[in-house]
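This report describes a protein–DNA model for a reader at the bench. Please have the sequence and the structure at hand while reading.

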There are 2 protein chains.
Amino acid sequence: MPSEKRLYRSVLIKLEKLIEEGEYPPGGRLPPERELAERFSVSRPTVREAIIALEALDRVEVKTGSGVYVLDTPKRVNGVDASISAFELTEARALIEGEAAALAATMISDEQLAALEAIMHEMVDESEDGELLSEQADQKFHQMISEATGNSMMIAVFNSLWHIRDNSPAVHAAYQAICGMEPQSRVDEHVEILDALKQRDPKAAREAMHNHFARILNKLIAANEQAHIDEIRRKTRESRERFSLNHLSAGA
Amino acid sequence: MPSEKRLYRSVLIKLEKLIEEGEYPPGGRLPPERELAERFSVSRPTVREAIIALEALDRVEVKTGSGVYVLDTPKRVNGVDASISAFELTEARALIEGEAAALAATMISDEQLAALEAIMHEMVDESEDGELLSEQADQKFHQMISEATGNSMMIAVFNSLWHIRDNSPAVHAAYQAICGMEPQSRVDEHVEILDALKQRDPKAAREAMHNHFARILNKLIAANEQAHIDEIRRKTRESRERFSLNHLSAGA
DNA sequence: AATCGGATACTGGTCAAACCTTTTTATATG
DNA sequence: CATATAAAAAGGTTTGACCAGTATCCGATT
């Protein structure tokens with residue numbers, strides 16, 4: 001639940017939402033602290049705390065004596081432009097995690113292989129349960145592989161990519177849209193990756209990882225196409241209603 | 001000037017400094033808010049503001065009723081994680097930029113190829129001048145390739161890697177130590193990469209990029225070995241002086 | 001003697017009411 | 001009309017109090 005324990009958190013979330021919804025557009029000014037305090041039924045210090053958090057997140061700029069100004073498109077996740085599409089992220093992941101898998105194949109320890117196997121079982125067991133646990137198992141699987149490279153830079157890059165996956169609204173929405181599709185093939189692909197690692201075969205590991213992401217990419221494309229079709233249908237329906245002669249004939 | 005206008009800013013900076021200096025180690029607890037307020041001669045709300053800013057920056061974790069805990073080395077890729085070695089960074093760059101080059105080979109435009117060619121000339125012309133300009137040309141060359149992928153995520157990752165290269169003290173020092181070595185072979189390697197891109201040959205581009213980084217890696221290893229040897233010699237000399245009988249016989 | 005439970009001190013969480021400084025604006029004055 | 005001045009408005013900071021979790025310690029119980 002987003003209802004954090006600390007009050008300023010809830011104010012922070014409300015303000016972010018209002019900014020996101022265009023209530024307080026970029027370049028514009030937030031209402032005075034006193035007014036916000038009254039509006040949210042909290043004290044002024046609490047509003048200040050929320051504003052300072054927003055400031056630390058580069059969402060607003062505070063000008064003494066003037067007001068709190070909303071910054072334009074500070075849409076950054078982890079210092080990275082959040083305008084990245086799910087396609088771009090997935091392509092990058094395919095390339096980077098493909099190499100990570102290849103490197104991991106030459107470096108991975110028996111303990112790490114065992115850990116991967118355990119995660120694999122989690123994934124299978126929970127594929128019938130809610131997607132939440134399966135999602136976590138998926139992350140652990142990929143993370144373990146990045147860690148098996150023994151290269152902290154690769155691990156850091158992986159974490160950064162996953163962070164964007166989870167926190168960029170556009171990307172997250174796209175992944176959510178396809179998350180439940182074909183659970184079996186997803187498991188199969190992970191098995192394939194694991195097998196390649198077991199045999200410590202870099203080429204096979206890279207290829208298996210590429211296969212995995214190729215399927216995700218295909219699903220993203222298919223989902224995207226479907227979304228576009230739905231959008232066109234919706235607009236068509238709107239147009240039909242707008243331009244229909246019904247209301248005219250009704251008025252006559 | 002670090003003397004920020006808002007008081008909480010100066011407290012924030014002081015706290016960051018104290019954390020950086022190990023006064024408040026990761027996992028440890030900050031002194032109580034009231035104590036900090038007294039120590040910095042500010043009010044408690046001001047201290048709270050600084051702590052909330054630290055929290056928003058993922059530097060500390062606040063546990064109600066318990067205390068403010070310092071988080072261990074932020075895993076953020078930006079902001080320079082000093083725990084990454086030059087070896088790890090270079091290996092990661094080899095893998096990631098290798099894939100970037102391969103992708104770029106299939107996507108690059110004629111304009112971008114021309115731009116690369118221009119940068120190449122800069123690199124040749126200035127290889128006799130100071131290393132500064134040559135360094136800049138090198139960055140532009142690699143950056144242009146990452147941009148030629150047409151994938152903003154790959155561009156973001158590249159920028160992140162380069163940022164670490166420039167800002168992590170350990171990494172920067174290691175690169176500085178080898179920057180002047182064999183200028184001709186460096187140019188040759190870049191020419192090889194450019195040629196592969198011109199022919200839009202992904203495999204050749206990847207291989208050329210790998211060669212480039214393999215040489216850097218070799219130089220890093222050689223420089224590292226030399227540094228270790230120097231260190232041993234220094235220690236040996238110190239030991240000789242320390243344990244020599246000179247000062248004893250002088251005193252006699 | 002060891003353990004469990006509760007009283008108590010400690011820590012962050014929140015609020016209220018002031019007062020200061022800077023910026024903005026409105027107004028009066030030349 | 002332009003400028004200077006005063007008033008209003010905004011954020012900046014402090015004080016002091018009280019609340020709500022958390023950790024600690026000490027005594028009662030077993």
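Which residues are exposed on the other side of α2(A)? They are Arg34(A) and Glu38(A).

## Basis of the report

The model is a predicted one, in which local features need pLDDT of at least 70 and side-chain atom pairs count only at pLDDT 80 or more, while totals for chains, interfaces and linings use all residues; side-chain values use heavy atoms, with hydrogens and water left out. Residues are numbered from 1 along each chain as its sequence is written, and chains are lettered from A and ligands numbered from 1 in the order in which they are written.

## Helix α2 of chain A

Helix α2 of chain A spans residues 33–40, and its buried residues are Glu33(A), Leu36(A), Ala37(A) and Phe40(A). Seen down the helix axis, the buried residues of α2(A) fall within an arc of 105°, so they line one face. The arc is taken from the directions from the helix axis to the C-beta atoms. Buried here means under 20% relative accessible area, exposed over 50%, and partly exposed in between, with a 1.4 Å probe and protein chains only. Helices (H or I, at least four residues) and strands (E, at least two) are DSSP runs, numbered from the N terminus.

An α-helix has 3.6 residues a turn, so residues three or four places apart point the same way.

## Surface near DNA strand C

DNA strand C is surrounded by 23 residues, and the closest are Arg6(A), Leu7(A), Thr46(A), Arg44(B) and Arg48(B). A residue is near a strand if one of its heavy atoms lies within 4 Å of it. This surface draws at least two residues from each of α3 (44–56) of chain A and α2 (33–40), α3 (44–56), β1 (60–63) and β2 (67–70) of chain B. By class it holds five nonpolar, nine polar and nine charged residues. Ala, Val, Leu, Ile, Met, Phe, Trp, Tyr, Cys and Pro count as nonpolar, Asp, Glu, Lys and Arg as charged, and the others, Gly among them, as polar.

Of the atoms of DNA strand C within 4 Å of the protein, 71% belong to sugar or phosphate and the rest to bases. Between protein and DNA, a polar contact is a pair of N or O atoms within 3.5 Å. A polar side-chain atom of Arg48(B) lies 2.2 Å from a phosphate oxygen of this strand, and a polar backbone atom of Glu33(B) is 3.0 Å from a phosphate oxygen. Gly65(B) places a polar backbone atom 3.5 Å from a sugar or linking oxygen of DNA strand C.

## Surface near DNA strand D

Around DNA strand D there are 24 residues, the closest being Glu33(A), Arg48(A), Arg6(B), Leu7(B) and Thr46(B). Sugar and phosphate account for 66% of the atoms of this strand that come within 4 Å of the protein. The surface comprises six nonpolar, nine polar and nine charged residues. Its largest contribution, three residues, comes from α3(B).

Both bases and backbone of the DNA appear among the contacts. A base nitrogen of DNA strand D is 2.9 Å from an N or O atom in the side chain of Arg44(A), and another contact joins a base nitrogen to a backbone N or O atom of Gly65(B) at 3.3 Å. Thr46(B) has a polar side-chain atom 2.7 Å from a phosphate oxygen of DNA strand D.## Cavities

The structure holds eight cavities of 30 Å³ or more. On a 1 Å grid over the protein atoms alone, a cavity is a set of points where a 1.4 Å probe fits but cannot get out, and lining residues have an atom within 4 Å of a point. Grid points are joined across faces, edges and corners, and a volume is the space filled by probe spheres set on the points.

The largest cavity contains about 240 Å³ of space. Among its 23 lining residues, Glu135(B), Cys179(B), Arg186(B), Ile216(B) and Lys219(B) lie nearest the centre. The second largest cavity contains about 150 Å³ and has 14 lining residues, of which Asp138(A), Arg165(A), Tyr175(A), Arg186(A) and Ile216(A) lie nearest its centre. The largest share of this second lining, four residues, comes from α10(A).

## Positive phi in chain B

Ser41(B) has a positive phi of about 60° although it is not a glycine. Ser41(B) lies in the loop between α2 and α3 of chain B and is exposed, with a relative accessible area of 65%. Arg200(B), also not a glycine, has a positive phi of about 50°. Arg200(B) is placed in the loop between α9 and α10 of chain B and is partly exposed, at 36% relative accessible area.

Key. Polar contact = N/O pair within 3.5 Å; in protein donor to acceptor, adjacent residues only side chain to side chain. 1 Å grid on protein atoms, 1.4 Å probe; cavity = no way out; pocket = protein on both sides within 12 Å on 5 of 7 lines; lining within 4 Å.
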